[in-house]
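Colleague: I should like a close look at a single side chain of this predicted model, followed outward to its surroundings. Please set out the reasoning so that a first-year student can follow each step.

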Amino acid sequence: MKRLHGMELFAEVAKAHSFSRAAAALGMPTSTVSRQVAELERSVGLRLLSRNTRRVELTDAGRLYFERCRRIVAEAEIAHEELRDQLEIPSGPLHVQLPAAYALDALIPALVAFGGRYPEIRLQMSVAGPEFAEHPPEIGDVSIRLGEQPDSSLVARRLGEVHAHLYASPAYLAARGTPASPADLQHHDCIGLRTGGGQPAPWPLQRGRDQLLVPVEHRYGANDASMARQLAVLGAGIAALGGDESGRLRSGELARVLPAWSLAPVEVHAVTETRLLPARTRRFIDFLADYLDNPARARAPDLQIRRAA
């Protein structure tokens with residue numbers, strides 16, 4: 001039991017690259033964490049951590065030991081939680097990463113609903129910008145990501161997909177005319193959503209089985225969906241938006257453009273470092289999948305999210 005506890009402390013220090021940050025996360029004195037990790041090193045007979053005044057790094061032996069340790073510690077925690085779940089509801093902090101573009105519009109109601117169902121779980125949310133997809137930060141407990149996930153050591157569960165539609169302000173359409181076909185978009189000012197610092201891409205439109213890749217003139221390029229939305233409301237052009245626009249449609253701030261067409265769906269995934277998940281993480285992923293699968297609880301008819309088959 002003592003060695004397992006030492007492995008747990010070592011894994012926390014390795015993840016935090018700091019004794020003080022690991023101690024704060026564990027609610028323990030830094031001196032205690034440092035002493036017990038040193039005892040673990042003596043017991044295995046190898047130096048696991050390279051210490052300096054600014055940062056703690058893993059040695060070669062430490063990297064190998066860390067990979068084994070975190071799996072062992074995770075399995076022990078899960079075994080403990082599975083027994084505890086028989087007696088009580090899941091509790092504790094849950095660190096969730098979210099992409100700013102599109103997903104926030106869809107997921108905020110789900111996060112609130114999850115918090116209401118599991119009041120003992122404390123949601124700690126981090127929001128990342130458009131560079132998130134190409135250069136994601138280190139995963140917390142679970143990361144919600146958009147788009148196809150590359151093959152890697154990470155575990156991705158497909159939750160569903162998001163459909164975006166085209167919108168513009170009535171004033172813009174009155175001044176420039178309403179597009180009658182996707183080809184007409186080439187003669188309009190369009191608002192591109194830029195990701196990863198690159199240029200806005202052509203719009204992949206679909207209508208039933210018809211699929212088109214439409215090159216459009218991106219007079220404005222924004223790296224945030226809320227900025228693209230505000231530009232459209234102010235009459236700057238046509239934007240592809242995947243959030244809840246029902247209120248703006250009713251108020252007359254926005255109007256649908258080419259309502260028979262939508263952008264190609266974007267997949268939504270829950271990504272974790274391992275399949276061995278604590279109860280609170282499993283409950284969160286299952287809840288989110290069920291929530292997105294229920295059209296009655298989806299936030300708006302314009303945001304069509306359906307669960308993967």
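**One ring and its surroundings**

Modeller: F66 is buried, since its relative accessible area is 8%, and a residue counts as buried when that value is under 20%. The structure, which is a predicted model, contains six aromatic pairs. In one of them, the ring centres of F10 and F66 are 6.4 Å apart and the ring planes stand at 80°, so this pair is edge-to-face. The reasoning rests on two limits: ring centres must lie within 6.5 Å, and planes over 60 degrees apart count as edge-to-face. The two partners come from distant parts of the chain, for F10 belongs to helix α1 (residues 2-16) and F66 to helix α4 (residues 60-84), with their positions 56 residues apart. F10 is buried as well, because its relative accessible area is 0%.

Aromatic rings also meet elsewhere. Ring pairs join F114, Y118, F284, F287 and Y291 into a cluster. A ring can have a charged neighbour too: the charged end of R256 sits over the ring of Y167, 6.0 Å from its centre.

F284, a member of the ring cluster, leads on to the nonpolar cores. The largest core has 23 residues, and F284 is among those that touch the most other members, together with I144, L159 and L288. At least two residues of this core come from each of β3 (92-99), α5 (103-117), β5 (142-146), β6 (155-162), β15 (266-272) and α9 (279-293). Helix α9 gives the largest share, seven residues. Another core of 21 residues lies apart from this one and includes A22, A23, L48 and L58.

Strand β6, one of the contributors to the largest core, is also the place of G160. G160 is buried, because its relative accessible area is 0%. Its C-alpha atom lies 7.3 Å from that of H269, although the two residues are 109 apart in sequence.

Helix α3 offers a check on geometry. The helix has 15 residues (30-44), so at 1.5 Å a residue it should span 21 Å, and its end C-alpha atoms are indeed 21 Å apart. The expected value is 21 Å because the calculation multiplies 1.5 Å by one less than the number of residues. The buried residues in α3 include T32, V33, V37, L40 and E41. In general, residues three or four places apart in an α-helix point the same way, because each turn takes 3.6 residues. After α3 comes G45, which has a positive phi near 80°.

E41 opens the subject of charge. Side chains of opposite charge can pair when their charged atoms come close. The structure holds twelve salt bridges, and in one of them the closest N and O atoms of E41 and R51 are 2.8 Å apart. Because E41 lies in helix α3 and R51 in strand β1 (residues 49-51), this pair ties together parts that are ten residues apart in sequence. E41 counts as buried because its relative accessible area is 11%, whereas R51, with 32%, is partly exposed.

D189 takes part in a salt bridge with R176, at 2.9 Å from N to O. R176 lies in helix α6 (residues 170-176) and D189 in the loop between α6 and β8 (190-193), so the bridge connects parts 13 residues apart in sequence. With a relative accessibility of 14%, D189 counts as buried, while R176, at 37%, counts as partly exposed. D189 also meets R219 in a salt bridge, at 3.1 Å from N to O. This pair links distant parts of the chain, as R219 is in strand β11 (residues 218-222) and D189 is in the loop between α6 and β8, 30 residues away. R219 is exposed, because its relative accessible area is 53%. Elsewhere, R158, E161 and E267 are joined into one network by salt bridges that share partners.

Cysteines complete the account. A disulfide is a covalent bond between the sulfur atoms of two cysteines. This structure holds zero disulfides. C69 counts as buried because its relative accessibility is 0%, and C190 is likewise buried at 0%.

Notes: Residues numbered from 1 in each chain as written. Predicted model: local features only at pLDDT ≥ 70, side-chain atom pairs only at ≥ 80, totals over all residues. Heavy atoms only, no water. Core = buried A, V, L, I, M, F, W, Y, C linked by side-chain atoms within 4.5 Å. Buried < 20%, exposed > 50% of the residue type's maximum accessible area, 1.4 Å probe, protein only. Helix = DSSP H or I, 4+ residues; strand = E, 2+ residues; numbered from the N terminus. Phe/Tyr/Trp six-rings, centres within 6.5 Å; stacked < 30°, edge-to-face > 60°. Lys NZ or Arg CZ within 6 Å of the ring centre and 35° of its normal. Disulfide = S-S within 2.5 Å. Salt bridge = Lys/Arg side-chain N within 4 Å of Asp/Glu carboxyl O.
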